[in-house]
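Hi,

Here is the structure I said I would pass on to you. Have it open while you read, and my notes on what turned up in it follow below.

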Amino acid sequence: MFALQPELKVFTGSANRELAERICKYIGVPLGQATISSFPDGETYVRIEENIRATTSSLSTDLSPTNQHLMELLIMVDAARPCERGSDHGGHSIFGYARQDRKDQPRVPITAKLVANLLDAAGVSRVLTMDLHAQQVQGFFDIPVDHFIRSRY
């Protein structure tokens, strides 16, 4: 007997829809349908518009401007969480707060670790990112991190 691979679904936040569309075109899957909007007080609303049971969901967004898009990603992961599925991967071309990777003064948090903990707690099973400020940020995660470095040539 063999197990069937779960279907791949790719969803994106509002930060960089064009990048998500290009990724989907490259890998040959349609971009998943999701509604993302804001309430008048600035709260983020997310609804996944299609069935994602027994799928692997990839959630793609930039985390810049950081706070709005970080919340979008966390809420998207939470919206996908109750479904029986393969796993959720969070993909970021920009990882927000990566520059805050060390305690260089008293009473200064290591915010990159906090964001790593938030993604892990939300249910992200793997992170794909590019050009981290420092390699040590990968060590802040308790889940696998795929760090891609853009060619400088």
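Start with the surface, where Leu8, Ile23, Tyr26 and Ile27 form a nonpolar patch. Together these four residues have about 410 Å² of accessible area. Before you zoom in, keep in mind that this is a predicted model. Which element gives the patch its largest share? That would be helix α1, residues 17-27, with 3 residues. One residue to click on is Ile23, which lies in helix α1. Ile23 has a relative accessible area of 35%, so it is partly exposed, since that label covers everything between 20% and 50%.

Now the overall layout. The protein chain has 3 helices and 7 strands. Walking along from the N terminus, you meet the elements in the order β-α-β-β-β-α-β-α-β-β. There are 153 residues in the protein chain, and 39% of them are buried.

The other two helices are worth a look as well. Helix α2 runs over residues 66-80, which makes 15 residues. At 1.5 Å a residue it should span 21 Å, and its end C-alpha atoms are indeed 21 Å apart. If you want to see what α2 hides, colour its buried residues: His69, Leu70, Glu72, Leu73, Leu74, Met76, Val77 and Ala80.

Helix α3 covers residues 111-122, so 12 residues, and its first and last C-alpha atoms are 16 Å apart. That is close to the 16 Å expected at 1.5 Å a residue. Which residues of α3 are buried? They are Thr111, Ala112, Val115, Ala116, Leu119 and Ala122. These residues sit on the same side of α3, because they cover an arc of only 150° around the axis. A bit of background helps here: an α-helix has 3.6 residues a turn, so residues three or four places apart point the same way. Just after α3 comes Gly123, which takes a positive phi of about 115°.

A little further on is Ser125, in the loop between α3 and β6. Ser125 is partly exposed, with a relative accessible area of 27%. Try drawing a line from Ser125 to Val145: they are 20 residues apart in sequence, and their C-alpha atoms are 9.2 Å apart in space.

On to the charged side chains. Side chains of opposite charge can pair when their charged atoms come close. How many salt bridges are there? The count comes to 5, and here are three you can look up.

- Lys9 and Glu50 form a salt bridge, with the closest N and O atoms 2.7 Å apart. This pair links distant parts of the chain, 41 residues apart: Lys9 is in strand β1 (residues 7-12), while Glu50 is in the loop between β3 (44-48) and β4 (55-60). Buried or partly exposed, which is Lys9? Lys9 counts as buried, at 13% relative accessibility, because the cut-off for buried is under 20%. Glu50, with a relative accessible area of 25%, is partly exposed.
- Asp146 and Arg126 meet through their side chains in a salt bridge of 2.6 Å, N to O. Asp146 lies in strand β7 (residues 145-148) and Arg126 in strand β6 (residues 126-130), so the pair ties together parts that are 20 residues apart in sequence. Asp146 counts as partly exposed at 22% relative accessibility, and Arg126 counts as partly exposed at 30%.
- Arg47 and Glu49 form a salt bridge too, and here the closest N and O atoms are 3.2 Å apart. Arg47 is partly exposed at 46% relative accessibility, and Glu49 is partly exposed with a relative accessible area of 37%.

Last, the rings. The structure holds 1 aromatic pair. The ring centres of Phe39 and Tyr45 are 6.0 Å apart and the planes stand at 75°, so this pair is edge-to-face; planes over 60 degrees apart get that name. Phe39 counts as partly exposed, at 43% relative accessibility. Tyr45 is partly exposed as well, with a relative accessible area of 33%.

Have fun clicking around!

Note on methods:
Residues are numbered from 1 along each chain as its sequence is written. This is a predicted model: local features need pLDDT of at least 70, side-chain atom pairs count only at pLDDT 80 or more; totals for chains, interfaces and linings use all residues. Side-chain values use heavy atoms; hydrogens and water are left out. Patches are made of residues with over 30% relative accessible area and no salt bridge: like charges are joined within 9 Å, nonpolar side chains (Val, Leu, Ile, Met, Phe, Trp, Tyr) within 5 Å. Accessible areas come from the Shrake-Rupley method with a 1.4 Å probe; for residues, only the protein chains shown count as cover. Helices (H or I, at least four residues) and strands (E, at least two) are DSSP runs, numbered from the N terminus. Buried means under 20% relative accessible area, exposed over 50%, partly exposed in between (1.4 Å probe, protein chains only). Rings of Phe, Tyr and Trp (its six-membered ring) pair if their centres lie within 6.5 Å; planes under 30 degrees apart count as stacked, over 60 as edge-to-face and the rest as tilted. The expected span of a helix is 1.5 Å times one less than its number of residues. The arc is that of the directions from the helix axis to the C-beta atoms.
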